[in-house]
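I opened this entry to look up how the ligand is held and then to follow one helix along its length. My notes are below, in the order in which I checked things.

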Amino acid sequence: MKVRNPRTGEYDYNLQEDSTQSVVEKALSIRSAQKEWQNKTITERVAVLKKWLASFTNFQSEIASQLAVDTARKRISEVETGGIIGLMQAWSYRAPQLYNPPAERTSASANTVQIGQQWIPYGLVGVISPWNFPLLLALIDTIPALMAGCGVLLKPSEVTPRFMDGLEKSIKAVPELNAVLKLVRGGAKAGKAVVNTVDAICFTGSVPTGKKIGAVCAERFIPAFLELGGKDPAIVLSDADLEVATDAVLRSCVGATGQACQSLERIYVAENIYDDFVEQITKKATAVTMTTNPEEGQMGPLIFEQQAEKIQEQINDAIAKGAKILSGGKVENINGGLWCRPTVLTNVNHKMSVMVEETFGPLIPIMPFRTEEQALEWANDSIFGLSASVFSKDREKAIEIASQIEAGAISINDGSLTNKVYDAEKNSFKESGINGSRMGDAGFLRFFRKKALLIQTAHPETMAHFEEKSS
Ligand code: NAD
(Lines give C-alpha, C1' and ligand atoms only; values in the text may rest on other atoms or scores of the structure.)
Protein backbone atom coordinates (compact mmCIF):
# COMPACT_ATOMS: atom_id res chain seq x y z
CA MET A 1 0.00 0.00 0.00
CA LYS A 2 1.30 3.48 -0.88
CA VAL A 3 0.98 5.96 1.98
CA ARG A 4 0.47 9.70 1.52
CA ASN A 5 2.61 12.22 3.38
CA PRO A 6 0.19 14.84 4.79
CA ARG A 7 2.73 17.68 4.53
CA THR A 8 3.85 17.12 0.92
CA GLY A 9 0.96 15.16 -0.56
CA GLU A 10 3.53 12.67 -1.92
CA TYR A 11 3.10 8.93 -1.62
CA ASP A 12 6.49 8.33 -0.06
CA TYR A 13 6.07 5.24 2.15
CA ASN A 14 5.27 1.63 1.31
CA LEU A 15 3.15 -0.32 3.74
CA GLN A 16 3.64 -4.07 3.49
CA GLU A 17 0.12 -5.34 4.22
CA ASP A 18 -0.35 -8.50 6.29
CA SER A 19 -2.28 -11.19 4.44
CA THR A 20 -5.18 -12.97 6.17
CA GLN A 21 -2.87 -16.00 6.50
CA SER A 22 -0.21 -13.87 8.19
CA VAL A 23 -2.81 -12.49 10.65
CA VAL A 24 -3.93 -16.03 11.49
CA GLU A 25 -0.32 -17.14 12.04
CA LYS A 26 0.37 -14.18 14.34
CA ALA A 27 -2.78 -14.99 16.31
CA LEU A 28 -1.74 -18.65 16.68
CA SER A 29 1.73 -17.65 17.79
CA ILE A 30 0.30 -15.32 20.49
CA ARG A 31 -2.13 -17.99 21.65
CA SER A 32 0.72 -20.48 22.12
CA ALA A 33 2.42 -18.04 24.53
CA GLN A 34 -0.61 -16.44 26.19
CA LYS A 35 -1.35 -19.14 28.82
CA GLU A 36 2.13 -18.70 30.27
CA TRP A 37 1.62 -14.92 30.22
CA GLN A 38 -1.76 -15.26 31.98
CA ASN A 39 -0.22 -17.57 34.61
CA LYS A 40 2.40 -15.01 35.58
CA THR A 41 1.58 -12.94 38.62
CA ILE A 42 0.52 -9.33 38.06
CA THR A 43 3.86 -8.26 39.57
CA GLU A 44 5.72 -10.34 36.97
CA ARG A 45 3.70 -8.81 34.14
CA VAL A 46 4.35 -5.32 35.51
CA ALA A 47 8.09 -6.16 35.50
CA VAL A 48 7.80 -6.91 31.75
CA LEU A 49 5.89 -3.65 31.22
CA LYS A 50 8.72 -1.80 32.95
CA LYS A 51 11.23 -3.43 30.57
CA TRP A 52 9.05 -2.24 27.68
CA LEU A 53 8.96 1.24 29.19
CA ALA A 54 12.79 1.23 29.16
CA SER A 55 12.99 0.00 25.55
CA PHE A 56 10.20 2.38 24.45
CA THR A 57 12.23 5.22 25.98
CA ASN A 58 15.26 4.08 23.94
CA PHE A 59 13.23 4.34 20.73
CA GLN A 60 11.16 7.34 21.82
CA SER A 61 12.77 9.93 19.57
CA GLU A 62 12.68 7.56 16.56
CA ILE A 63 8.96 6.85 17.16
CA ALA A 64 8.21 10.57 17.67
CA SER A 65 9.97 11.44 14.36
CA GLN A 66 8.02 8.78 12.45
CA LEU A 67 4.80 9.97 14.07
CA ALA A 68 5.66 13.55 13.12
CA VAL A 69 5.77 12.48 9.44
CA ASP A 70 2.56 10.43 9.79
CA THR A 71 0.61 13.35 11.26
CA ALA A 72 2.65 16.44 10.19
CA ARG A 73 2.74 17.44 13.90
CA LYS A 74 6.05 17.67 15.73
CA ARG A 75 5.05 18.93 19.15
CA ILE A 76 1.94 16.73 19.46
CA SER A 77 4.04 13.68 18.46
CA GLU A 78 6.39 14.39 21.34
CA VAL A 79 3.41 14.81 23.69
CA GLU A 80 1.97 11.53 22.36
CA THR A 81 5.13 9.49 23.01
CA GLY A 82 5.47 11.15 26.45
CA GLY A 83 1.83 10.27 27.13
CA ILE A 84 2.54 6.58 26.44
CA ILE A 85 5.34 6.61 29.00
CA GLY A 86 2.86 8.16 31.45
CA LEU A 87 0.30 5.43 30.66
CA MET A 88 2.88 2.67 31.18
CA GLN A 89 3.86 4.19 34.53
CA ALA A 90 0.23 4.66 35.57
CA TRP A 91 -0.78 1.04 34.80
CA SER A 92 2.43 -0.32 36.46
CA TYR A 93 1.19 1.36 39.63
CA ARG A 94 -2.57 0.89 39.37
CA ALA A 95 -2.99 -2.62 37.86
CA PRO A 96 -1.49 -4.48 40.87
CA GLN A 97 -3.79 -2.48 43.19
CA LEU A 98 -6.83 -3.42 41.11
CA TYR A 99 -6.02 -7.10 40.60
CA ASN A 100 -7.82 -8.40 43.65
CA PRO A 101 -10.09 -11.44 43.17
CA PRO A 102 -12.11 -11.84 46.41
CA ALA A 103 -10.88 -14.40 48.97
CA GLU A 104 -12.73 -17.69 49.42
CA ARG A 105 -15.95 -17.21 51.39
CA THR A 106 -19.15 -18.98 52.46
CA SER A 107 -22.14 -18.45 50.22
CA ALA A 108 -24.88 -16.32 51.80
CA SER A 109 -27.59 -18.28 49.96
CA ALA A 110 -26.22 -21.84 50.47
CA ASN A 111 -24.18 -21.96 53.66
CA THR A 112 -22.52 -25.34 53.05
CA VAL A 113 -20.95 -24.01 49.84
CA GLN A 114 -17.63 -22.16 49.70
CA ILE A 115 -17.11 -19.67 46.86
CA GLY A 116 -13.74 -19.33 45.16
CA GLN A 117 -13.57 -16.47 42.67
CA GLN A 118 -11.18 -16.38 39.72
CA TRP A 119 -10.60 -13.59 37.19
CA ILE A 120 -9.84 -15.02 33.74
CA PRO A 121 -8.55 -12.66 31.03
CA TYR A 122 -9.70 -12.92 27.42
CA GLY A 123 -7.03 -14.99 25.65
CA LEU A 124 -6.52 -12.79 22.60
CA VAL A 125 -7.74 -9.20 22.29
CA GLY A 126 -7.76 -7.43 18.91
CA VAL A 127 -7.06 -3.69 19.01
CA ILE A 128 -7.94 -1.69 15.87
CA SER A 129 -7.14 2.02 15.90
CA PRO A 130 -7.57 5.21 13.80
CA TRP A 131 -5.16 7.76 12.30
CA ASN A 132 -5.78 10.90 14.36
CA PHE A 133 -3.63 9.99 17.39
CA PRO A 134 -1.99 6.91 15.90
CA LEU A 135 0.27 5.87 18.79
CA LEU A 136 -1.91 6.84 21.75
CA LEU A 137 -5.02 5.14 20.38
CA ALA A 138 -3.03 2.02 19.43
CA LEU A 139 -1.77 1.58 22.99
CA ILE A 140 -4.45 3.05 25.27
CA ASP A 141 -6.32 -0.30 25.42
CA THR A 142 -3.32 -2.51 24.60
CA ILE A 143 -1.39 -1.74 27.81
CA PRO A 144 -4.18 -2.57 30.33
CA ALA A 145 -5.20 -5.65 28.25
CA LEU A 146 -1.63 -6.96 28.49
CA MET A 147 -1.52 -6.24 32.23
CA ALA A 148 -4.73 -8.27 32.65
CA GLY A 149 -2.94 -11.24 31.05
CA CYS A 150 -4.44 -11.05 27.55
CA GLY A 151 -2.41 -11.42 24.37
CA VAL A 152 -2.92 -8.54 21.91
CA LEU A 153 -3.07 -8.40 18.13
CA LEU A 154 -2.78 -4.71 17.26
CA LYS A 155 -3.75 -3.19 13.90
CA PRO A 156 -3.17 0.57 13.69
CA SER A 157 -4.52 2.69 10.83
CA GLU A 158 -3.08 2.28 7.34
CA VAL A 159 -3.27 6.09 6.93
CA THR A 160 -0.50 6.76 9.49
CA PRO A 161 1.61 3.58 9.70
CA ARG A 162 5.22 4.85 9.86
CA PHE A 163 5.40 4.89 13.67
CA MET A 164 4.86 1.12 13.72
CA ASP A 165 8.47 0.58 12.62
CA GLY A 166 9.90 2.19 15.77
CA LEU A 167 7.17 0.78 18.01
CA GLU A 168 7.84 -2.76 16.74
CA LYS A 169 11.55 -2.38 17.53
CA SER A 170 10.67 -1.39 21.10
CA ILE A 171 8.44 -4.49 21.43
CA LYS A 172 10.99 -6.89 19.89
CA ALA A 173 13.61 -5.74 22.42
CA VAL A 174 11.51 -7.41 25.16
CA PRO A 175 11.07 -11.11 24.17
CA GLU A 176 8.40 -11.93 26.82
CA LEU A 177 6.32 -9.06 25.46
CA ASN A 178 7.00 -9.82 21.81
CA ALA A 179 5.54 -13.30 22.37
CA VAL A 180 2.11 -11.88 23.31
CA LEU A 181 1.92 -8.56 21.42
CA LYS A 182 2.13 -8.46 17.63
CA LEU A 183 1.47 -5.71 15.10
CA VAL A 184 -0.68 -6.20 12.02
CA ARG A 185 -0.18 -3.86 9.08
CA GLY A 186 -2.88 -2.96 6.57
CA GLY A 187 -6.37 -1.58 6.10
CA ALA A 188 -9.93 -2.94 6.25
CA LYS A 189 -8.98 -6.41 4.95
CA ALA A 190 -6.34 -6.92 7.64
CA GLY A 191 -8.76 -5.43 10.20
CA LYS A 192 -11.45 -7.95 9.22
CA ALA A 193 -8.95 -10.79 9.61
CA VAL A 194 -8.19 -9.54 13.14
CA VAL A 195 -11.89 -9.37 14.06
CA ASN A 196 -12.33 -12.92 12.77
CA THR A 197 -9.57 -14.44 14.88
CA VAL A 198 -9.64 -12.83 18.35
CA ASP A 199 -11.71 -13.36 21.54
CA ALA A 200 -12.60 -9.66 22.14
CA ILE A 201 -12.25 -6.42 20.18
CA CYS A 202 -11.25 -2.92 21.26
CA PHE A 203 -12.04 -0.67 18.33
CA THR A 204 -11.54 3.09 18.03
CA GLY A 205 -12.79 4.68 14.81
CA SER A 206 -15.82 5.86 12.91
CA VAL A 207 -19.46 4.93 13.57
CA PRO A 208 -19.95 3.14 10.19
CA THR A 209 -16.88 0.90 10.71
CA GLY A 210 -17.80 0.39 14.37
CA LYS A 211 -21.25 -0.85 13.35
CA LYS A 212 -19.76 -3.31 10.85
CA ILE A 213 -17.32 -4.64 13.44
CA GLY A 214 -20.06 -4.81 16.09
CA ALA A 215 -22.18 -6.94 13.74
CA VAL A 216 -19.32 -9.40 13.11
CA CYS A 217 -18.59 -9.58 16.85
CA ALA A 218 -22.28 -10.27 17.57
CA GLU A 219 -22.22 -13.09 15.00
CA ARG A 220 -19.00 -14.47 16.51
CA PHE A 221 -20.39 -13.93 20.04
CA ILE A 222 -17.38 -12.00 21.29
CA PRO A 223 -17.43 -8.67 23.16
CA ALA A 224 -16.81 -5.46 21.22
CA PHE A 225 -15.60 -2.38 23.09
CA LEU A 226 -16.38 0.38 20.59
CA GLU A 227 -15.09 3.97 20.93
CA LEU A 228 -16.57 5.88 18.01
CA GLY A 229 -17.14 9.35 16.61
CA GLY A 230 -18.69 12.44 18.12
CA LYS A 231 -20.27 15.81 17.36
CA ASP A 232 -19.55 17.44 20.70
CA PRO A 233 -21.68 20.48 21.60
CA ALA A 234 -20.71 23.41 23.84
CA ILE A 235 -23.36 25.40 25.70
CA VAL A 236 -22.15 28.87 26.66
CA LEU A 237 -24.55 30.25 29.29
CA SER A 238 -25.36 33.95 29.62
CA ASP A 239 -23.09 34.45 32.66
CA ALA A 240 -20.04 32.68 31.16
CA ASP A 241 -16.61 34.30 31.32
CA LEU A 242 -16.11 35.20 27.65
CA GLU A 243 -12.33 35.15 27.83
CA VAL A 244 -12.39 31.61 29.29
CA ALA A 245 -15.10 30.38 26.93
CA THR A 246 -13.58 31.73 23.71
CA ASP A 247 -10.07 30.49 24.59
CA ALA A 248 -11.31 27.01 25.49
CA VAL A 249 -13.76 26.66 22.59
CA LEU A 250 -11.14 27.78 20.06
CA ARG A 251 -8.50 25.39 21.43
CA SER A 252 -10.94 22.50 21.57
CA CYS A 253 -12.31 23.13 18.04
CA VAL A 254 -9.03 23.68 16.24
CA GLY A 255 -6.32 22.05 18.38
CA ALA A 256 -4.74 19.15 16.42
CA THR A 257 -6.55 20.73 13.41
CA GLY A 258 -9.87 19.57 14.91
CA GLN A 259 -8.90 15.96 14.27
CA ALA A 260 -9.84 14.66 17.71
CA CYS A 261 -12.94 12.65 18.60
CA GLN A 262 -13.58 14.94 21.58
CA SER A 263 -13.15 18.21 19.64
CA LEU A 264 -16.02 20.65 20.15
CA GLU A 265 -17.89 20.79 16.83
CA ARG A 266 -20.99 22.96 17.46
CA ILE A 267 -21.34 25.92 19.76
CA TYR A 268 -24.59 27.24 21.28
CA VAL A 269 -24.24 30.69 22.86
CA ALA A 270 -26.78 32.63 24.97
CA GLU A 271 -28.36 35.35 22.87
CA ASN A 272 -27.29 38.23 25.17
CA ILE A 273 -23.55 37.43 24.78
CA TYR A 274 -23.67 35.98 21.26
CA ASP A 275 -22.32 39.05 19.38
CA ASP A 276 -19.43 39.55 21.80
CA PHE A 277 -18.62 35.82 21.75
CA VAL A 278 -18.58 35.72 17.93
CA GLU A 279 -16.44 38.85 17.71
CA GLN A 280 -13.89 37.58 20.25
CA ILE A 281 -13.58 34.06 18.89
CA THR A 282 -13.28 35.29 15.30
CA LYS A 283 -10.43 37.58 16.35
CA LYS A 284 -8.68 34.69 18.11
CA ALA A 285 -9.36 32.24 15.24
CA THR A 286 -7.85 34.64 12.72
CA ALA A 287 -4.71 34.93 14.85
CA VAL A 288 -4.01 31.15 14.84
CA THR A 289 -0.80 30.47 12.93
CA MET A 290 -0.20 27.57 10.54
CA THR A 291 2.83 25.26 10.62
CA THR A 292 3.61 25.64 6.91
CA ASN A 293 7.16 25.88 8.25
CA PRO A 294 7.20 22.71 10.42
CA GLU A 295 9.29 24.43 13.10
CA GLU A 296 6.77 27.26 13.69
CA GLY A 297 3.06 27.81 14.09
CA GLN A 298 0.13 26.31 15.98
CA MET A 299 -1.93 24.28 13.51
CA GLY A 300 -0.86 21.66 10.97
CA PRO A 301 -2.38 20.38 7.73
CA LEU A 302 -5.23 17.87 7.52
CA ILE A 303 -3.88 14.33 7.76
CA PHE A 304 -6.36 12.43 5.59
CA GLU A 305 -7.26 13.52 2.05
CA GLN A 306 -10.79 12.06 2.24
CA GLN A 307 -11.47 13.97 5.47
CA ALA A 308 -10.38 17.21 3.74
CA GLU A 309 -13.00 16.56 1.04
CA LYS A 310 -15.67 16.01 3.69
CA ILE A 311 -14.76 19.27 5.46
CA GLN A 312 -14.99 21.21 2.18
CA GLU A 313 -18.37 19.57 1.45
CA GLN A 314 -19.71 20.65 4.86
CA ILE A 315 -18.53 24.23 4.29
CA ASN A 316 -20.10 24.28 0.79
CA ASP A 317 -23.38 22.85 2.10
CA ALA A 318 -23.52 25.46 4.89
CA ILE A 319 -22.80 28.37 2.51
CA ALA A 320 -25.43 27.10 0.04
CA LYS A 321 -28.00 27.06 2.88
CA GLY A 322 -27.19 30.62 4.04
CA ALA A 323 -24.27 30.35 6.49
CA LYS A 324 -21.81 33.24 6.86
CA ILE A 325 -18.07 32.54 6.98
CA LEU A 326 -16.21 34.92 9.32
CA SER A 327 -12.74 33.37 9.05
CA GLY A 328 -11.00 30.65 7.02
CA GLY A 329 -13.63 28.93 4.91
CA LYS A 330 -11.83 26.66 2.46
CA VAL A 331 -9.38 23.80 2.16
CA GLU A 332 -6.21 25.09 0.51
CA ASN A 333 -3.41 23.13 -1.14
CA ILE A 334 -0.09 24.53 0.10
CA ASN A 335 2.98 22.72 -1.25
CA GLY A 336 0.95 19.51 -1.62
CA GLY A 337 -0.46 19.57 1.94
CA LEU A 338 -4.17 20.24 2.55
CA TRP A 339 -4.79 23.09 5.00
CA CYS A 340 -7.92 24.60 6.50
CA ARG A 341 -7.66 27.75 8.59
CA PRO A 342 -9.89 27.99 11.70
CA THR A 343 -13.31 28.60 10.21
CA VAL A 344 -15.99 30.47 12.16
CA LEU A 345 -19.49 29.98 10.72
CA THR A 346 -22.64 31.84 11.78
CA ASN A 347 -26.26 31.76 10.50
CA VAL A 348 -26.08 27.99 10.83
CA ASN A 349 -28.86 25.52 11.71
CA HIS A 350 -29.50 21.80 12.09
CA LYS A 351 -30.49 21.41 8.43
CA MET A 352 -26.80 21.86 7.58
CA SER A 353 -24.42 18.87 7.69
CA VAL A 354 -21.90 20.99 9.63
CA MET A 355 -24.27 20.92 12.63
CA VAL A 356 -25.19 17.24 12.58
CA GLU A 357 -22.41 15.18 10.97
CA GLU A 358 -18.94 14.64 12.41
CA THR A 359 -16.50 17.18 10.86
CA PHE A 360 -13.09 16.16 12.23
CA GLY A 361 -11.66 19.50 11.14
CA PRO A 362 -11.13 23.06 12.46
CA LEU A 363 -14.65 24.43 12.02
CA ILE A 364 -16.47 26.53 14.64
CA PRO A 365 -20.18 26.79 13.78
CA ILE A 366 -22.04 29.00 16.29
CA MET A 367 -25.80 29.34 16.99
CA PRO A 368 -27.48 31.75 19.45
CA PHE A 369 -30.07 30.37 21.89
CA ARG A 370 -32.85 32.17 23.74
CA THR A 371 -33.57 29.68 26.56
CA GLU A 372 -31.58 26.96 28.28
CA GLU A 373 -34.27 24.45 27.24
CA GLN A 374 -33.64 25.36 23.60
CA ALA A 375 -29.86 24.95 24.04
CA LEU A 376 -30.34 21.54 25.63
CA GLU A 377 -32.76 20.44 22.92
CA TRP A 378 -30.20 21.33 20.22
CA ALA A 379 -27.29 19.79 22.15
CA ASN A 380 -29.21 16.51 22.43
CA ASP A 381 -30.45 16.62 18.81
CA SER A 382 -27.71 14.25 17.62
CA ILE A 383 -27.02 10.59 16.92
CA PHE A 384 -23.76 11.07 18.85
CA GLY A 385 -23.15 11.24 22.62
CA LEU A 386 -19.40 11.26 23.16
CA SER A 387 -18.70 14.39 25.20
CA ALA A 388 -19.70 18.06 25.58
CA SER A 389 -18.93 21.33 27.38
CA VAL A 390 -20.82 23.83 29.50
CA PHE A 391 -19.55 27.32 30.34
CA SER A 392 -20.93 29.34 33.28
CA LYS A 393 -19.59 31.20 36.32
CA ASP A 394 -22.34 29.49 38.35
CA ARG A 395 -20.98 26.04 39.19
CA GLU A 396 -24.36 24.61 40.29
CA LYS A 397 -26.10 25.90 37.17
CA ALA A 398 -23.36 24.44 34.94
CA ILE A 399 -23.72 21.04 36.66
CA GLU A 400 -27.53 21.20 36.30
CA ILE A 401 -27.20 21.79 32.53
CA ALA A 402 -24.38 19.22 32.15
CA SER A 403 -26.52 16.58 33.88
CA GLN A 404 -29.14 16.93 31.14
CA ILE A 405 -26.77 16.48 28.20
CA GLU A 406 -26.84 12.99 26.68
CA ALA A 407 -23.10 12.32 26.52
CA GLY A 408 -20.47 10.35 28.42
CA ALA A 409 -18.21 13.18 29.63
CA ILE A 410 -18.96 16.86 30.13
CA SER A 411 -16.17 19.41 30.57
CA ILE A 412 -17.22 22.42 32.64
CA ASN A 413 -15.53 25.74 31.86
CA ASP A 414 -13.14 24.00 29.44
CA GLY A 415 -13.30 21.79 26.35
CA SER A 416 -12.14 18.22 25.60
CA LEU A 417 -10.89 17.48 29.11
CA THR A 418 -11.05 13.75 28.34
CA ASN A 419 -7.76 14.15 26.50
CA LYS A 420 -6.13 15.05 29.82
CA VAL A 421 -8.12 13.12 32.41
CA TYR A 422 -7.63 9.35 32.20
CA ASP A 423 -8.96 8.33 35.61
CA ALA A 424 -12.65 9.23 35.26
CA GLU A 425 -14.78 6.33 34.02
CA LYS A 426 -17.16 7.22 31.19
CA ASN A 427 -19.45 5.42 28.77
CA SER A 428 -20.33 6.81 25.38
CA PHE A 429 -24.02 7.52 24.82
CA LYS A 430 -25.99 6.73 21.64
CA GLU A 431 -23.90 5.90 18.54
CA SER A 432 -20.62 7.17 20.00
CA GLY A 433 -19.81 3.77 21.45
CA ILE A 434 -20.76 0.81 23.56
CA ASN A 435 -19.46 -1.32 26.44
CA GLY A 436 -17.15 -0.85 29.44
CA SER A 437 -15.23 2.38 29.99
CA ARG A 438 -11.66 2.52 28.67
CA MET A 439 -10.91 5.29 31.17
CA GLY A 440 -10.49 4.76 34.90
CA ASP A 441 -10.29 1.39 36.69
CA ALA A 442 -12.75 -0.24 34.26
CA GLY A 443 -10.10 0.23 31.57
CA PHE A 444 -8.29 -2.72 33.21
CA LEU A 445 -11.11 -4.63 34.92
CA ARG A 446 -13.16 -5.06 31.72
CA PHE A 447 -10.60 -7.54 30.34
CA PHE A 448 -11.50 -10.21 32.93
CA ARG A 449 -14.31 -12.71 32.99
CA LYS A 450 -15.42 -13.65 36.51
CA LYS A 451 -15.34 -17.37 37.20
CA ALA A 452 -16.89 -18.96 40.30
CA LEU A 453 -15.60 -22.17 41.91
CA LEU A 454 -18.47 -23.53 44.03
CA ILE A 455 -17.15 -26.00 46.64
CA GLN A 456 -19.70 -28.19 48.44
CA THR A 457 -18.52 -28.93 52.00
CA ALA A 458 -21.51 -31.08 53.07
CA HIS A 459 -23.09 -34.18 51.53
CA PRO A 460 -24.81 -33.13 48.24
CA GLU A 461 -28.57 -33.14 48.15
CA THR A 462 -29.98 -36.44 46.91
CA MET A 463 -32.98 -37.19 44.70
CA ALA A 464 -35.07 -37.23 47.92
CA HIS A 465 -35.02 -33.46 47.54
CA PHE A 466 -37.36 -33.79 44.53
CA GLU A 467 -39.80 -36.19 46.20
CA GLU A 468 -43.39 -34.99 45.64
CA LYS A 469 -45.38 -35.15 48.88
CA SER A 470 -49.11 -34.95 49.45
CA SER A 471 -49.79 -32.09 51.86
P1 NAD B 1 -12.21 4.26 10.44
O2 NAD B 1 -13.42 3.69 11.04
O3 NAD B 1 -12.22 4.57 8.99
O4 NAD B 1 -10.96 3.26 10.64
C5 NAD B 1 -10.50 2.88 11.91
C6 NAD B 1 -9.73 1.58 11.80
O7 NAD B 1 -10.57 0.53 11.36
C8 NAD B 1 -8.55 1.60 10.82
O9 NAD B 1 -7.47 0.93 11.40
C10 NAD B 1 -9.10 0.82 9.63
O11 NAD B 1 -8.10 0.20 8.86
C12 NAD B 1 -9.97 -0.21 10.31
N13 NAD B 1 -11.05 -0.79 9.51
C14 NAD B 1 -11.74 -0.21 8.49
N15 NAD B 1 -12.73 -1.04 8.06
C16 NAD B 1 -12.66 -2.16 8.83
C17 NAD B 1 -13.41 -3.37 8.90
N18 NAD B 1 -14.46 -3.59 8.09
N19 NAD B 1 -13.07 -4.31 9.81
C20 NAD B 1 -12.03 -4.09 10.66
N21 NAD B 1 -11.27 -2.98 10.64
C22 NAD B 1 -11.60 -2.01 9.75
O23 NAD B 1 -11.85 5.54 11.30
P24 NAD B 1 -10.70 6.62 11.03
O25 NAD B 1 -11.09 7.47 9.87
O26 NAD B 1 -9.37 5.95 11.02
O27 NAD B 1 -10.77 7.47 12.39
C28 NAD B 1 -11.57 8.58 12.57
C29 NAD B 1 -12.77 8.22 13.43
O30 NAD B 1 -12.33 7.72 14.69
C31 NAD B 1 -13.63 9.42 13.77
O32 NAD B 1 -14.98 9.07 13.62
C33 NAD B 1 -13.32 9.69 15.24
O34 NAD B 1 -14.32 10.34 15.94
C35 NAD B 1 -13.08 8.31 15.74
N36 NAD B 1 -12.32 8.34 16.99
C37 NAD B 1 -12.97 8.00 18.16
C38 NAD B 1 -12.28 8.07 19.37
C39 NAD B 1 -12.93 7.71 20.68
O40 NAD B 1 -12.23 7.53 21.68
N41 NAD B 1 -14.25 7.62 20.75
C42 NAD B 1 -10.94 8.47 19.37
C43 NAD B 1 -10.35 8.82 18.17
C44 NAD B 1 -11.04 8.73 16.98
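I looked first at which element gives the most to the shell around the ligand, and I found that it is helix H8, with three residues. The model is a predicted one, and I read everything here with that in mind. The elements that give two or more residues to this shell are helix H8 (188–195), strand S8 (200–204) and helix H9 (207–220).

I then went through the shell itself, where 28 residues surround the ligand and Glu158, Ser206, Thr209, Leu228 and Glu358 come nearest. By type, I noted twelve nonpolar, ten polar and six charged residues in the shell. Domain 1 (2–228 + 432–454) and domain 2 (232–419) both contribute residues to the shell, so I place the ligand between them.

For the polar contacts, I recorded a side-chain polar atom of serine 206 at 2.6 Å from an oxygen atom of the ligand, and an N or O atom in the side chain of lysine 155 at 2.9 Å from an oxygen atom of the ligand. At leucine 228 it is a backbone N or O atom that lies 2.7 Å from a nitrogen atom of the ligand. The ligand taken alone exposes 860 Å², of which the protein buries 90%.

Last, I turned to helix H2 (residues 42–71), whose 30 residues put the end C-alpha atoms only 35 Å apart, whereas a straight helix at 1.5 Å a residue would reach 44 Å. Following H2 along, I found a bend of about 55 degrees at phenylalanine 59. After H2 comes alanine 72, and I noted that its phi is positive, near 60 degrees.

Terms used
Residues numbered from 1 in each chain as written. Predicted model: local features only at pLDDT ≥ 70, side-chain atom pairs only at ≥ 80, totals over all residues. Heavy atoms only, no water. Helix = DSSP H or I, 4+ residues; strand = E, 2+ residues; numbered from the N terminus. Expected span 1.5 Å × (residues − 1). Bend = angle between axes of the 7 residues up to and from the residue. Near = heavy atom within 4 Å. Polar contact = N/O pair within 3.5 Å; in protein donor to acceptor, adjacent residues only side chain to side chain. Areas by Shrake-Rupley, 256 points an atom, 1.4 Å probe, with all protein chains shown as cover. Nonpolar A, V, L, I, M, F, W, Y, C, P; charged D, E, K, R; others polar. Domains from an automatic or database assignment.
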